[in-house]
Amino acid sequence: MKNIVILIHKKRNDIEEFFNVFPSCYIYADQEIAEENSYIRKIEHSGKSTRNVIGNGIRQISEDLPGYHIILVNETAGLEDIKKIAQETEKGEEIIIAKSSSYNEISKKKKLGIKIITRLFNLVHKQKANNIMSNIQGIPADIVQHFLKLRGDTCTVLINQRFIIKDHNLKYSYMEIESDVLTDAPNRIGGYLKCIFIICYVFIKFMISSISAFVLDYSLALAGYVYWSPFIANALSNLHVQLPGFLTDVEILSIGIARLISSIYNYIFNKKVVFAADKNVAKLSTACKYFTLVLIILVFNTIILKLATTLIGIPFAIAKVMADIIMYFVSFSVQRDLVFKKRNK
């Protein structure tokens, strides 16, 4: 194997055997492992903690050995499994993620935690990951550049690797291995809560954006319904021009003006904050899709509102909330899957 670097981010008992299996490969490890084995290159600034070993290691390898493929290894992966991953990664076609059907050495609590975290990730981000805590991964040389900003402890880094793969639409495939333990899942409940927060962070920001936009929209609609919309409707009706009926309808004017202002705010918030990591989306195209969605939702929102107030007799303030809740789920799905969807490179 050529142009392969083994990055060991957890202490192992078989370090001596690595050079027998990988005689032509460079091996990097943290300070503690490197001090015990003079032929292993030390990851600078790693200290004796596993925190940020992966991130610092990838950055150092990219500087020391540009053009090399990187294999991430923890303390439990078998040497033959690592060799299989390295051989496949050497082809340079896609990221290789190991998977195993054997969890014999993992407690039931960890198994449950892995399933919950993985399913949550798949649900929130519309993915089909097998196990987002996989501890063996092969990163081809041409793709290493995307992983240079990785930081944090092992669990954080492994989850963020999945975000990088998703956000940059990187190709990857799973490889079945024989190792029993194939996870770097947290040992405590706090670790799982941290993983859940990382996975749901984008969704939390989207919720904040949507709620704040709703409050702005609702406030402006009520204020307009009481104050400025009647004056605007009256002024337009006094013009010596035949205008469509919706231009002199107080309810339609109220929700139309409010929705225009809140939509501009919501678009800027989502573009700059919620989906700030995406640098590969055309601004004009995204804006056109977003405001087309706004227009469609406004039409259906108005229809629902008019039916609720006219036919059923629900007060405007309550009908407004009902209509917005119904259309919120439509807006979320379309924005996630169409408006702010990352483009393939």
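# Close-up views of a predicted model

**View 1. Strand β2 pairs with strands on two sides of the list: β1 and β3.** Let us start with one matched pair: Leu7 has Tyr28 in β2 as its bridge partner. This model is predicted, so keep in mind that each view shows computed coordinates. The strands β1 and β2 run parallel and are joined by 4 bridges. Strand β2 covers residues 26–29, and β3 covers residues 41–42. Between β2 and β3 there are 2 bridges, and these strands run parallel too. Here you can look for Ala29, whose bridge partner in β3 is Lys42.

**View 2. The largest nonpolar core of the model has 23 residues.** Which residues have the most contacts inside this core? They are Leu7, Ile58 and Phe147. Five elements are worth finding here, as β1 (4–8), α3 (53–64), β4, β5 (95–99) and α6 each give two or more residues to the core. Helix α3 provides the largest share, with 4 residues. In soluble globular proteins, nonpolar side chains tend to be buried together.

**View 3. Phe147 and the residues around it.** Now zoom in on Phe147, one of the residues with the most contacts inside the largest core. Not counting residues up to four places away in sequence, Phe147 touches Ile58, Ile95, Ile139, Gln161, Ile164, Ile165 and Leu170. Ile58 on that list is also one of the residues with the most contacts inside the core.

**View 4. A second core sits apart from the one around Phe147.** This separate core has 22 residues. Among them are Ile15, Cys25, Ile27 and Ala86.

**View 5. Thr156 in helix α6.** The helix spans residues 154–167. Is Thr156 buried or exposed? Thr156 counts as buried because its relative accessibility is 11%, and the cut-off for buried is under 20%. The side chain of Thr156 makes a polar contact of 3.4 Å with the side chain of Lys194. Leaving aside neighbours within four places in sequence, Thr156 is in contact with Arg151, Lys194 and Ile198.

**View 6. Two asparagines with positive phi, Asn3 and Asn169.** Phi of Asn3 is near 55°, a positive value in a residue other than glycine. You will find Asn3 in the segment before β1, and its relative accessibility of 37% makes it partly exposed. For Asn169, phi is near 50°, which is also positive. Asn169 lies in the loop between α6 and β7 (172–176). With a relative accessibility of 31%, Asn169 counts as partly exposed.

**View 7. Two cysteines, Cys200 and Cys288.** How many disulfides are there? The count comes to 0. Cys200 has a relative accessibility of 14%, so Cys200 counts as buried. Cys288, at 44%, counts as partly exposed.

**View 8. Confidence along the model, from helix α8 to strand β4.** The protein has an average pLDDT of 80, and 86% of the residues score at least 70. Where is confidence lowest, and where is it highest? The lowest mean, 70, belongs to helix α8 (residues 228–237). The highest, 91, belongs to strand β4 (residues 69–73), an element that also gives two or more residues to the largest core. Where pLDDT is low, the predicted coordinates should not be read in detail.

Key
Residues are numbered from 1 along each chain as its sequence is written. Side-chain values use heavy atoms; hydrogens and water are left out. Buried means under 20% relative accessible area, exposed over 50%, partly exposed in between (1.4 Å probe, protein chains only). A polar contact is a pair of N or O atoms within 3.5 Å; within protein, one must be able to donate a hydrogen and the other to accept it, and residues adjacent in sequence count only if both atoms are side-chain atoms. Contact means heavy atoms within 4.5 Å. A disulfide is a pair of cysteine sulfur atoms within 2.5 Å. pLDDT is the predictor's confidence in each residue, from 0 to 100. A nonpolar core is a set of buried Ala, Val, Leu, Ile, Met, Phe, Trp, Tyr and Cys residues joined through side-chain atoms within 4.5 Å. Two strands pair if DSSP finds at least two bridges between them.
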